[in-house]
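Good morning, and thank you for joining this meeting. I would ask everyone to keep the sequence and the structure in view while I speak.

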Amino acid sequence: MADRTMNRGTGSGGSSSGAPASQGLFTRQSSGLVRELGIPAATGIALASVAVVNTFINFYSGLFNFTKVDMVLPLLLAAGIWLVAMFAYRYLLQAIPRAGGEYIYLSRIIHPAIGTMVGIATAVGFTYTLSANANFAAAYVPFALNSLGAAFNSSALTSAATSIANTTSCGQVTCSPGLAICAVAMLVIVGLGSIFSLRRIAQIILALVIFQVLAFLVLGFLFATHSHQDFVNALGSFSGHATAYNDVIALANKNNIPLGVDLGASLLVIPFMVLNYNGVLYSYYVGGELKRPGSTYIWASVISLVLLIVVWVGVWLLMRNTIGLDFMQAQAQVGGTTDYGSITSLQANAGGLGYGLVLSGDPITKILIGLAVPAAELAVDLAFVAVVTRVIFALAFDRMLPIGLAKISERSQSPINAVILAVAVGILFTIGGSILNIANISANLALFFALVLLAGSVAALALPFRRPDLIKNPATNDVDRVGGIPTAAVWGALSTLCALFTVGVIIAKPSVFGAFSFVSVGSLVVIFFSGPIIYLIVRQRRLASSSIDMNLAMRELPPE
Amino acid sequence: MAFGQAKDRRALRLFFATDIHGSDRCFRKFLAAASIYEADALVLGGDIAGKGLVPIRSHNGTLSAEVRGEVVSVPRAEEDRLRAEINRLGFYSVIAGEDDAKRMAGDAAYLNEAFTNAITDQIQGWCRLAEERLPPNVRCIITPGNDDPLAIDPVLKSAPRIECPERELCEIGPVLLASCGDVTPTPWNTEREFPEAELEKRLSAILEPAPPRAKVVANFHNPPYGSGLDYAAELDETLHPVIRGGRPSIIPVGSKAVRAVIKKYQPVVALHGHIHESKAAQRIGKTLCLNPGSEYSADVLRGVIVDLGAARDYNDFLFTSG
């Protein structure tokens with residue numbers, strides 16, 4: 001007989017071994033180790049998928065594309081949409097606690113072909129996003145170098161910023177080889193970082209997120225401790241024109257740009273803010289690695305949402321107070337004109353970071369502000385690699401992609417071949433984007449993300465009807481209901497409505513959210529419909545040589 | 001690409017899972033697998049006993065216990081719900097006063113008895129569940145692993161709906177199933193551990209009586225050494241992972257005896273478990289070796305569907321995660 005003493009061996013979950021009787025769990029001598037991701041790691045992945053400082057880009061986009069816009073209401077309403085989606089996805093994760101996101105949910109609940117459609121699309125779309133984020137970070141390298149140059153009084157750094165930004169003619173487009181090299185270098189760093197275990201990656205991501213939040217707090221402190229007049233004076237000094245502030249507003253008035261707040265216009269900005277939060281729920285993509293999937297996911301998502309609301313709404317209100325809404329609206333509208341350039345060199349699309357740079361007097365603040373965006377994009381790409389590789393892993397596990405892509409590294413427990421594939425394709429997208437004009441192909445990226453949200457919401461809506469056995473309450477032998485309607489369906493329906501609203505606004509405003517062309521729509525169609533075609537080919541090929549239908553692997557077992 | 005061309009080659013479909021460690025939810029999924037995966041026989045390959053025992057305190061009509069790291073209190077009327085919640089984590093529960101808890105902490109034999117009772121109670125319950133739920137034409141084979149106390153063997157053998165052919169050859173359709181839950185020594189010093197030489201004798205004794213042309217499927221809990229089915233973290237004397245170069249050192253921990261026996265007898269398929277984190281498929285000679293791994297702590301039942309043909313040369317598999 002084995003020695004079954006207390007305080008030895010390994011216990012899974014609950015108290016660790018070594019707990020005295022008063023702590024509530026005895027463990028016996030038995031073999032095996034358990035790997036689990038807790039709330040901090042899941043929160044890190046969720047926050048990094050969002051990129052906290054990217055909000056300035058979306059603030060700018062909203063102010064640039066619409067007039068008389070304020071961000072408070074859109075920020076709150078968009079958070080509400082994600083809150084609804086969060087509850088809908090909770091049911092999906094509880095029913096199917098595994099990695100792979102919408103692919104897994106749709107293939108198990110609706111049909112493998114539909115799941116593969118969304119799975120392949122998210123794999124391609126998210127890999128493109130890796131490249132887009134790397135390009136975005138590269139575009140901010142000159143800003144970062146200028147900030148560091150100002151912090152260290154280094155002309156070499158500011159010269160490097162100018163050199164990196166130099167453009168030349170590359171194939172179909174004007175490109176900047178320096179920025180392209182920066183983007184590729186970042187993806188290589190991301191690839192190397194992604195070889196570590198997910199727990200370690202999550203720790204790195206969390207550190208980068210903390211860095212961003214620190215930069216935000218410093219910005220908030222700057223805005224809170226400076227008066228409006230301080231900013232007016234600082235901008236004058238920065239621009240070499242004492243009246244720069246009023247000149248920008250006067251320029252907007254001269255161009256008949258209406259300033260102020262209009263509720264209807266503000267509502268149109270909601271899709272920008274929905275995209276702003278995009279990623280806040282992404283811990284469900286690593287659902288198979290979460291400790292207690294349902295509650296860990298909810299806690300990580302709620303903490304992330306609340307933190308983002310507080311930070312973003314807080315910074316926006318501070319900016320309104322210190323910078324002034326009229327100035328921000330005017331600057332976004334006229335920031336690209338020659339007249340604006342003759343007033344000030346402050347980069348309009350840098351938004352709050354630019355205002356912070358104007359107000360900051362010490363080198364530490366300049367360093368923090370300068371490095372905030374690269375740190376954010378590095379965190380986003382690390383998180384997206386974690387997300388996209390889990391989708392690739394799930395597809396490969398089900399044999400939709402070569403089984404080698406589901407290989408797990410014995411050292412890091414990460415899908416190493418999937419990481420290599422994602423980073424390699426990301427680099428190809430980056431290089432391709434620098435020498436070819438692929439703007440048309442990716443024009444409907446906002447619509448793509450909204451459609452993925454819609455797909456997940458529909459899966460939640462269908463869950464209690466298609467697979468009630470997966471969410472049956474053992475006490476009542478029925479699914480939980482509100483007014484006779486399954487609760488999961490209620491949240492799924494609400495989330496579907498929110499997603500449809502977002503899709504509707506995006507389609508209704510192509511000039512803002514992405515124009516529809518033959519190439520852009522064709523790209524979406526190819527990306528989405530390649531999945532079912534792959535599914536049909538792979539299934540038929542397998543059936544020709546095997547007696548086991550691969551669909552069996554996509555049948556979720558009922559837990560009760 | 002003819003649809004269903006290979007379908008007729010199947011003579012038997014097995015569904016194999018292992019290492020569910022007391023997870024009630026995984027066992028229910030295991031039973032459901034018969035109909036979901038259209039299996040003719042279910043095989044659960046050992047390590048079915050749980051690892052933790054949660055004492056439930058009774059005080060003034062209220063029951064309290066630590067669940068998921070938090071103290072949960074419920075009225076006595078909700079005892080079943082509380083126990084079910086604890087069991088869902090793969091733990092057992094026992095109503096214990098302060099004195100009982102103190103005795104468990106200080107008296108190894110008393111704690112051992114409490115564990116054995118909890119384990120056998122659960123397995124008896126599972127046997128009843130199998131009787132209720134399994135279709136009559138599906139065979140259900142459950143064999144022990146090294147983490148299972150010897151006390152479960154008679155429980156399994158006496159259950160009318162369960163077969164427990166431990167250290168025996170058992171005929172299932174066109175194949176003979178050879179089962180053994182014994183393993184080589186582990187750092188945890190569990191039951192059913194034997195030195196390599198002794199294990200090789202035991203395994204050979206099971207396989208030796210098989211007719212020369214018989215189609216044998218091995219159900220050996222221990223995976224073969226260096227097969228890719230046996231990679232695990234290297235542990236030091238304190239059972240903590242050994243770190244080399246900033247990373248946990250991963251080493252093969254399988255059995256050389258199992259490997260030698262597979263090479264000698266060449267069963268068509270060998271089903272293994274034991275190493276949760278080492279899901280893999282590998283051929284040793286003509287033998288297809290499979291370890292579906294285990295994710296019982298996440299309520300996920302990992303398994304493998306194995307189709308075997310009447311002809312010796314046909315077998316196929318598909319890993320599942322349900």
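At what angle do the axes of helix 3 and helix 20 of chain A cross? Before I answer, please note that what you see is a predicted model.

The axes of helix 3, residues 72-95, and helix 20, residues 445-466, cross at roughly 55 degrees and come within 9 Å. Helix 3 of chain A is therefore oblique to helix 20 of chain A, since an angle counts as roughly parallel only under 35 degrees and as roughly perpendicular from 65 to 115. As for its hand, the crossing of these two helices of chain A is left-handed. On the side of helix 3 of chain A, the residues that make the contact are A:Trp82, A:Ala85, A:Ala88, A:Tyr89, A:Tyr91, A:Leu92 and A:Ala95. Helix 20 of chain A contributes A:Val452, A:Leu453, A:Gly456, A:Ser457, A:Ala459, A:Ala460 and A:Leu463. Sorted by class, this contact between helix 3 and helix 20 of chain A holds 12 nonpolar and 2 polar residues, with no charged ones.

Helix 3 of chain A has a further partner to consider. Its axis and that of helix 13 of chain A, residues 270-277, come within 8 Å and cross at roughly 55 degrees. Helix 3 and helix 13 of chain A are therefore oblique to each other, and their crossing is right-handed. Here A:Pro74, A:Leu75, A:Leu77, A:Ala78, A:Ala79, A:Ile81 and A:Trp82 of helix 3 of chain A meet a set of residues from helix 13 of chain A. That set consists of A:Ile270, A:Met273, A:Val274, A:Asn276 and A:Tyr277. By class, the contact of helix 3 with helix 13 of chain A comprises 11 nonpolar residues, 1 polar residue and no charged residues. You may wish to find A:Trp82 on the screen, as this residue takes part in the contact with helix 20 of chain A and also in that with helix 13 of chain A.

Let me turn to helix 2 of chain A. In this helix, residues 55-65, the buried residues are A:Thr55, A:Phe56, A:Asn58, A:Phe59, A:Ser61, A:Gly62 and A:Leu63. Against which helices do the buried residues of helix 2 of chain A pack? They pack against helix 3, helix 9 (198-225), helix 13, helix 14 (293-322), helix 15 (325-334) and helix 17 (351-359) of chain A.

A single residue of helix 5 of chain A, residues 112-139, also deserves a moment: A:Ser131. With a relative accessible area of 1%, A:Ser131 is buried. Leaving aside residues up to four places away in sequence, A:Ser131 touches A:Leu187, A:Gly426, A:Phe429 and A:Thr430.

Now for chain A as a whole. Chain A contains 23 helices and 5 strands. Of its 560 residues, 59% count as buried. Among contacts in chain A with a separation of 6 or more, 79% are between residues 24 or more positions apart. The accessible surface of chain A is about 20200 Å², and carbon and sulfur atoms account for 66% of that surface.

I move on to chain B, beginning with B:Asp307 in strand 18, residues 302-308. Is B:Asp307 buried or exposed? Its relative accessibility is 0%, so B:Asp307 counts as buried. Although B:Asp307 and B:Ala39 are 268 residues apart in sequence, their C-alpha atoms are 9.0 Å apart in space. Not counting residues up to four places away in sequence, B:Asp307 touches A:Ser547 and A:Ile548 of chain A, and B:Arg10, B:Leu12, B:Arg13, B:Tyr314, B:Asn315 and B:Asp316 of chain B.

B:Pro165 sits in the loop between helix 5 (152-158) and strand 8 (169-172) of chain B. B:Pro165 has 5% relative accessibility and therefore counts as buried. With the same exclusion of residues up to four places away, B:Pro165 touches B:Ile141, B:Thr143, B:Cys170 and B:Ser179.

I close with the backbone. Most residues other than glycine have a negative phi. B:Glu38, in the loop between helix 1 (24-36) and strand 2 (41-44) of chain B, has a positive phi near 55 degrees. B:Glu38 counts as partly exposed, at 40% relative accessibility. B:Asn60 lies in the loop between strand 3 (52-59) and strand 4 (62-67) of chain B, and its phi is also positive, at about 50 degrees. At 72% relative accessibility, B:Asn60 counts as exposed.

Technical notes. Residues are numbered from 1 along each chain as its sequence is written. Chains are lettered from A and ligands numbered from 1 in the order in which they are written. This is a predicted model: local features need pLDDT of at least 70, side-chain atom pairs count only at pLDDT 80 or more; totals for chains, interfaces and linings use all residues. Side-chain values use heavy atoms; hydrogens and water are left out. Axes are lines fitted to C-alpha atoms, for helices over the stretch in contact, and angles run from 0 to 180 degrees between N-to-C directions. Helices (H or I, at least four residues) and strands (E, at least two) are DSSP runs, numbered from the N terminus. Angles under 35 degrees count as roughly parallel, over 145 as roughly antiparallel, 65 to 115 as roughly perpendicular and the rest as oblique. A crossing is left-handed if the near helix is turned anticlockwise from the far one by less than a right angle, and right-handed if clockwise. Contact means heavy atoms within 4.5 Å. Ala, Val, Leu, Ile, Met, Phe, Trp, Tyr, Cys and Pro count as nonpolar, Asp, Glu, Lys and Arg as charged, and the others, Gly among them, as polar. Buried means under 20% relative accessible area, exposed over 50%, partly exposed in between (1.4 Å probe, protein chains only). Accessible areas come from the Shrake-Rupley method with a 1.4 Å probe; for residues, only the protein chains shown count as cover.
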